[in-house]
Amino acid sequence: MKCPFCGNADTQVIDSRTSEEGDAIRRRRQCSSCGKRFTTYERAELFLPAIVKKDGSRVEFSRDKLRGSLMLALRKRPVRAEAIDDAISSIEEKLLVSAAREVDTKFLGELVMQQLKQLDTVAYIRFASVYKSFEDLQSFSEEIAHLTAPAENITGSIKPKSRTTAKKGA
């Protein structure tokens, strides 16, 4: 590991421990040339699925784009930064668990809406109004009614388009 201060390639690990979240190894290093200390993190490299846009083009999943969408919906709302980070991690985990190489924007949008519904209902409505492209007040009102419906009427599981399951009784 190169020293970020002097560029020397000879550094020593003085301490190693698991990060607080348990998803990385934190290493304290010291440069043998300049003597300065710095921290590095070792994480597993996981490949998230590509995102297939409405026009058929494919883009890499971007945590920054996801964060930007959530932040826009949550603008001026009382939601802690840790809760937003947890929502992003949850979405990434669901994408990884899907084991799909590609997912469409509809699937990703549904995951985002699921998280926003738990975080803040106003942010959920903001996101849904853009995501679902409401054409009139009626469709907007229906979404609000759906949001305020009893929890047992709302399905909580979402599956990627490539993995379909047969309905019971069909």
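Axes are lines fitted to C-alpha atoms, and the angle between two of them runs from 0 to 180 degrees between N-to-C directions. The exercises below use this idea on a predicted model.

**Exercise 1. Describe the open sheet that contains β4, and say where α3 lies relative to this strand.**

Solution. Begin with the order of the strands, which is β5-β4-β6, in an open sheet of three strands with mixed pairing. Next, look at the edges: β5 (58-59) and β6 (102-104) each have a single partner strand, so one side of each is left without a neighbour in the sheet. Then follow the pairing of β4 (residues 50-52) with β6, where the two strands run parallel and are joined by three bridges; V52, for example, has D104 in β6 as its bridge partner. Finally, add the helix: α3 lies across β4 and β6, and its direction makes an angle of about 70° with β6.

**Exercise 2. Work out how β2 and β3 are connected and paired.**

Solution. Strand β2 covers residues 24-31 and strand β3 covers residues 37-43, and seven bridges pair them in the antiparallel sense. Within this pairing, R27 stands opposite T40 in β3. The two strands form a hairpin with five residues between them, and in the turn G35 has a positive phi of about 80°.

**Exercise 3. Decide whether C6 and C34 are in a disulfide or in none.**

Solution. A disulfide is a covalent bond between the sulfur atoms of two cysteines. The cut-off needed here is that the two sulfur atoms lie within 2.5 Å. For C6, the nearest cysteine sulfur is that of C31, 3.5 Å away, and C6 is in no disulfide. For C34, the nearest cysteine sulfur belongs to C3 at 3.8 Å, and C34 is likewise in no disulfide. A search of the whole structure agrees with these two results, since it finds zero disulfides. As for exposure, C6 is partly exposed with a relative accessible area of 39%, and C34 also counts as partly exposed, at 34% relative accessibility.

**Exercise 4. Identify which elements build the largest nonpolar core, and examine the surroundings of I91.**

Solution. In soluble globular proteins, nonpolar side chains tend to be buried together. Here the largest nonpolar core has 25 residues, and those with the most contacts inside it include L66, I91 and V112. The elements giving two or more residues to this core are α1 (63-73), α2 (81-98), α3 (105-119) and α4 (121-131), and the largest share, six residues, comes from α3. Turning to I91, and leaving out residues up to four places away in sequence, one finds that I91 touches L66, L108, L111, V112 and Q115.

**Exercise 5. Describe how α1 packs against α4.**

Solution. Two packed helices are described by the angle between their axes and the distance between the axes. For α1 and α4 the angle is about 115° and the axes are 8 Å apart, which makes α1 roughly perpendicular to α4. The residues that meet are S69, L72 and A73 in α1 and A123, R126 and F127 in α4.

**Exercise 6. Determine whether E92 is buried or exposed, and which residues are in contact with E92.**

Solution. First, locate E92 in helix α2. The cut-off for a buried residue is under 20% relative accessible area, and E92, at 15% relative accessibility, counts as buried. Leaving aside neighbours within four places in sequence, E92 is in contact with L48, F61 and R63. As a last step, compare sequence with space: E92 and S62 are 30 residues apart in sequence, and their C-alpha atoms are 10.0 Å apart.

Key
Residues numbered from 1 in each chain as written. Heavy atoms only, no water. Core = buried A, V, L, I, M, F, W, Y, C linked by side-chain atoms within 4.5 Å. Buried < 20%, exposed > 50% of the residue type's maximum accessible area, 1.4 Å probe, protein only. Helix = DSSP H or I, 4+ residues; strand = E, 2+ residues; numbered from the N terminus. Contact = heavy atoms within 4.5 Å. Pairing = 2+ DSSP bridges. Parallel < 35°, antiparallel > 145°, perpendicular 65-115°, else oblique.
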